[in-house]
Amino acid sequence: MKKKIIVTGGAGYIGSHTCVELIASNYEPIIIDNFYNSKHFIIDRIEEITGFRPDILDTNCLNYEQLRLKISSYNNINGIIHFAAYKAVGESTQKPLKYYQNNIGSTINMLKILEDFKFSSFIFSSSCTVYGQPKQLPVTEESPILLAESPYGRTKQICEDVISDYSKANSTLKAVSLRYFNPIGAHPSSLIGELPLGAPNNLVPFITQTAAGIRKELSIFGHDYSTSDGTCIRDYIHVVDLARAHVAALKFSEAKKNGLFEIFNLGSGQGNSVLEVVQAFEEICEEKLNYKFSPRRPGDVVEVYANVEKAKNEMGWETKLSLKDALKDAWNWELALRKNLITNE
Ligand code: WQD
């Protein structure tokens, strides 16, 4: 019988790509999603890509009793990959209580589920925002955790502390926290990808929507930073590489005999400026992108990119896809969305 894995937020951007890679690695994902920030058609697309349709538990991770009831009908569940969280940095500063309650409450509930059903693996979706503006680059997992720039980033730091403390009290827990840098791109089939609700906060979906004529022009936030071209530098990672890292993390945790709590940076290990991303995109779609320079965005760090040696040495994982691969797949996904007239609104 195939191992089952609970994937909270499994209909979301990174969650759906991870389900595809889990199925390809002979796992059966069980998706918990309340579709607050995802669409039901993504489940059909996962089935179309893989030939397997995951079970869906349409439940809010804050609803512990309902979670427990629905999960009790399964056996052979090996662990949990916990994506479900609110993730809009800007919104988190406007509505901090919503972010603290949801992101921390859902993590605590999933750990309680893990304990109730004696699952062992817990893979947590974290973020490089826990580092703030690192003093040294590339940033390693031992780099100091600076006060996060937003309540969103703070919830990720607090959740890591909750998991760490719980792992000290529960020697059977095999927990891994994955600190994502900047996930971009889409599945090469153009059947799944990012579905920002409303105007995108993130750079790449704003670029593709501008190129598709949905947005008038891209604002590049800041052109006077202390970088080679004055724009911020980030570590962009293809979402399919990121999804594959979750399978590697699951196998890593399953292979361990005793309890653990390990943290891994997931990035390409390379930094690219906003202008470099724009120029790479223009080369791919062979047209000029309409953009202007605007004031800096509050909360942006100037430069952050990952040291990815630990994931390579301990999990045998590294990125295989390039920035251009990701931008091409992001653009093809945008074109497919427009063709199918699927709106993100
Ligand atoms: C990248 C760069 C912007 C939009 C955030 C979260 C992080 C993770 C990824 C959840 C910055 C610039 C952007 C635009 C721009 N999310 N930019 N014009 O802020 O690095 O990371 O998203 O896990 O946790 O913090 O990503 O794509 O928003 O910005 O100039 O319209 O692009 O200023 O320099 P960010 P981003």
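These exercises, each with a worked solution, cover one predicted protein chain.

Residues are numbered from 1 along each chain as its sequence is written. In this predicted model, local features need pLDDT of at least 70, side-chain atom pairs count only at pLDDT 80 or more, and totals for chains, interfaces and linings use all residues, while side-chain values use heavy atoms and leave out hydrogens and water.

**Exercise 1. The whole chain**

Task: Describe the make-up and overall dimensions of the protein chain.

Solution:
- Start with secondary structure. The protein chain has 11 helices and 13 strands. Helices (H or I, at least four residues) and strands (E, at least two) are DSSP runs, numbered from the N terminus.
- Next, take the dimensions. The C-alpha trace spans about 55 × 45 × 40 Å along its principal axes.
- Test against a globule. A compact globule of 345 residues would have a radius of gyration near 20 Å; this chain has 19 Å, so the two agree. The radius is taken over C-alpha atoms, and the rule is 2.2 Å times the number of residues to the power 0.38.
- Now burial. Of the 345 residues, 56% are buried. Buried means under 20% relative accessible area, exposed over 50%, and partly exposed in between (1.4 Å probe, protein chains only).
- Then contacts, meaning heavy atoms within 4.5 Å. Among contacts with a separation of 6 or more, 80% join residues 24 or more positions apart.
- Finish with the surface. The chain exposes about 14,900 Å², and carbon and sulfur atoms supply 50% of that. Areas come from the Shrake-Rupley method with a 1.4 Å probe; for residues, only the protein chains shown count as cover.

**Exercise 2. Two helices**

Task: Find the length and cover of helix α8, then find what the buried residues of α2 pack against.

Solution:
- Helix α8 covers residues 239-255, which is 17 residues.
- From first C-alpha to last, α8 reaches 25 Å, close to the 24 Å expected at 1.5 Å a residue. The expected span is 1.5 Å times one less than the number of residues.
- α8 is mostly covered, with 14 of its 17 residues buried.
- Move to helix α2 (residues 41-50). Its buried residues are Phe41, Ile42, Ile43, Arg45 and Ile46.
- Those residues pack against α1 (13-24), β2 (27-32), β3 (55-57) and α11 (323-339).
- Gly51 follows α2, and its phi is positive, near 80 degrees.

**Exercise 3. Two buried residues**

Task: Place His17 and Ser273, and list their contacts beyond four places in sequence.

Solution:
- His17 sits in helix α1. Its relative accessible area is 1%, so His17 is buried.
- Leaving aside neighbours within four places, His17 touches Ala186, His187, Ile192, Gly193, Val239, Val240 and Ala243.
- Ser273 sits in strand β12 (residues 272-273). Its relative accessibility is 1%, so Ser273 counts as buried.
- With the same neighbours set aside, Ser273 is in contact with Asp229, Thr231, Cys232 and Ile233.

**Exercise 4. Backbone geometry**

Task: Examine the backbone at Asn76, Ser190 and the bond from Leu137 to Pro138.

Solution:
- Recall the background. Most residues other than glycine have a negative phi, and most peptide bonds are trans.
- Asn76 is not a glycine, yet has a positive phi of about 65 degrees. Asn76 lies in the loop between α3 (64-71) and β4 (77-82). At 30% relative accessibility, Asn76 counts as partly exposed.
- Ser190 also has a positive phi, near 60 degrees. Its loop runs between β7 (182-184) and α7 (203-211). At 13% relative accessibility, Ser190 counts as buried.
- The peptide bond from Leu137 to Pro138 is cis, with omega near -5 degrees. Pro138 lies in the loop between β5 (121-127) and α6.

**Exercise 5. Two lysines**

Task: Compare the setting of Lys168 with that of Lys95.

Solution:
- Lys168 is in helix α6 (residues 151-169). At 66% relative accessibility, Lys168 counts as exposed.
- Met110 is 58 residues from Lys168 along the chain, and their C-alpha atoms are separated by 17 Å.
- Lys95 is in the loop between α4 (89-94) and α5 (96-116). At 42% relative accessibility, Lys95 counts as partly exposed.
- Tyr152 is 57 residues from Lys95 in sequence, and the two are 9.8 Å apart, C-alpha to C-alpha.
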